[in-house]
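Here's a quick briefing on side-chain contacts, covering charges, rings and the surface. Have the viewer open and click along as you read.

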Amino acid sequence: AVAADVVALVLFAALGRNNHSSASSPLEIAAPFIVGGAVGWVIARGWRDPFALATGVQVWLATVVVGMVLRWGVWDRGVQLSFVIVATLFTGLFLLGWRAVAEWILRRSSAK
């Protein structure tokens, strides 16, 4: 589940990088958000129920808040309102999306 979150955040960064022709690597762009996701995992105690949407929501919110603070304060990159909105929506889609699919698959397989 941690790996799926990291992949989701790197995918988010790679898509943004391609749309904005950035010279930075997707991993460099994703780094503050990956740190934020790690904080979210600790806050949510994600290891208890890593596939739960409730865990995903906590990871997502920490990813956005901590990621934006780090992006601005440590990575010295912009955090314009439009970026905050887009990043919030897309990280939510990616971090909650894979969990929704996993939950659907798990429910479906247990129903058989």
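Helices here are DSSP runs of H or I with at least four residues, numbered from the N terminus. By that count, Phe90 and Phe94 both belong to helix H4, 4 residues apart, or about one helical turn. Keep in mind that you're looking at a predicted model. Across the whole structure, a search turns up 3 salt bridges, and the aromatic pairs come to 4.

**Salt bridges**

- Start with Arg99 and Asp5, a salt bridge whose closest N and O atoms are 2.9 Å apart. Arg99 is in helix H4 (residues 81-111) and Asp5 in helix H1 (residues 2-20), so this pair ties together parts that sit 94 residues apart in sequence. Are these two partners buried or exposed? Both Arg99 and Asp5 are buried.
- Next, Glu28 and Arg77 meet through their side chains in a salt bridge, at 3.1 Å from N to O. Glu28 belongs to helix H2 (residues 26-44), while Arg77 is in the loop between helix H3 (53-73) and H4, so parts 49 residues apart in sequence get tied together. Glu28 is partly exposed at 37% relative accessibility, and Arg77 is also partly exposed, at 23%.
- Then there's Arg107 with Glu103, where the closest N and O atoms of the salt bridge are 2.3 Å apart. Both of these residues lie in helix H4, 4 residues apart, which is about one turn of the helix. Arg107 counts as exposed at 54% relative accessibility, whereas Glu103 is partly exposed at 24%.

**Aromatic pairs**

- For a pair of aromatic rings, the two descriptors are the distance of the centres and the angle of the planes.
- The count of aromatic pairs is 4. One of them is Phe33 with Phe83: the ring centres are 6.3 Å apart and the planes make an angle of 55 degrees, so the pair is tilted. Phe33 lies in helix H2 and Phe83 in helix H4, so this contact ties together parts 50 residues apart in sequence.
- How exposed are the two rings' residues? Phe33 is buried, with a relative accessible area of 1%, while Phe83 is partly exposed at 21%.
- Phe90 and Phe94 have ring centres 6.2 Å apart and planes at 65 degrees; edge-to-face starts over 60 degrees, so that's what this pair is. Phe90 is partly exposed at 40% relative accessibility, but Phe94 counts as buried at 17%.
- Phe12 joins Phe33 and Phe83 in one aromatic cluster.

**A charge over a ring**

- Phe83 has another contact worth a click: the charged end of Arg71 sits over the Phe83 ring, 4.1 Å from its centre.

**Nonpolar surface patch**

- Which residues make up the nonpolar patch on the surface? They are Leu81, Ile85, Val86, Leu89, Phe90 and Leu93, and together they have about 600 Å² of accessible area.
- Val86, one of the patch residues, lies in helix H4 and is partly exposed, with a relative accessible area of 41%.
- Phe90 shows up here too: this patch residue is also half of the edge-to-face pair with Phe94.

Technical notes:
Residues numbered from 1 in each chain as written. Predicted model: local features only at pLDDT ≥ 70, side-chain atom pairs only at ≥ 80, totals over all residues. Heavy atoms only, no water. Salt bridge = Lys/Arg side-chain N within 4 Å of Asp/Glu carboxyl O. Helix = DSSP H or I, 4+ residues; strand = E, 2+ residues; numbered from the N terminus. Buried < 20%, exposed > 50% of the residue type's maximum accessible area, 1.4 Å probe, protein only. Phe/Tyr/Trp six-rings, centres within 6.5 Å; stacked < 30°, edge-to-face > 60°. Lys NZ or Arg CZ within 6 Å of the ring centre and 35° of its normal. Patch = residues over 30% accessible without salt bridge, like charges linked within 9 Å, V, L, I, M, F, W, Y side chains within 5 Å. Areas by Shrake-Rupley, 256 points an atom, 1.4 Å probe, with all protein chains shown as cover.
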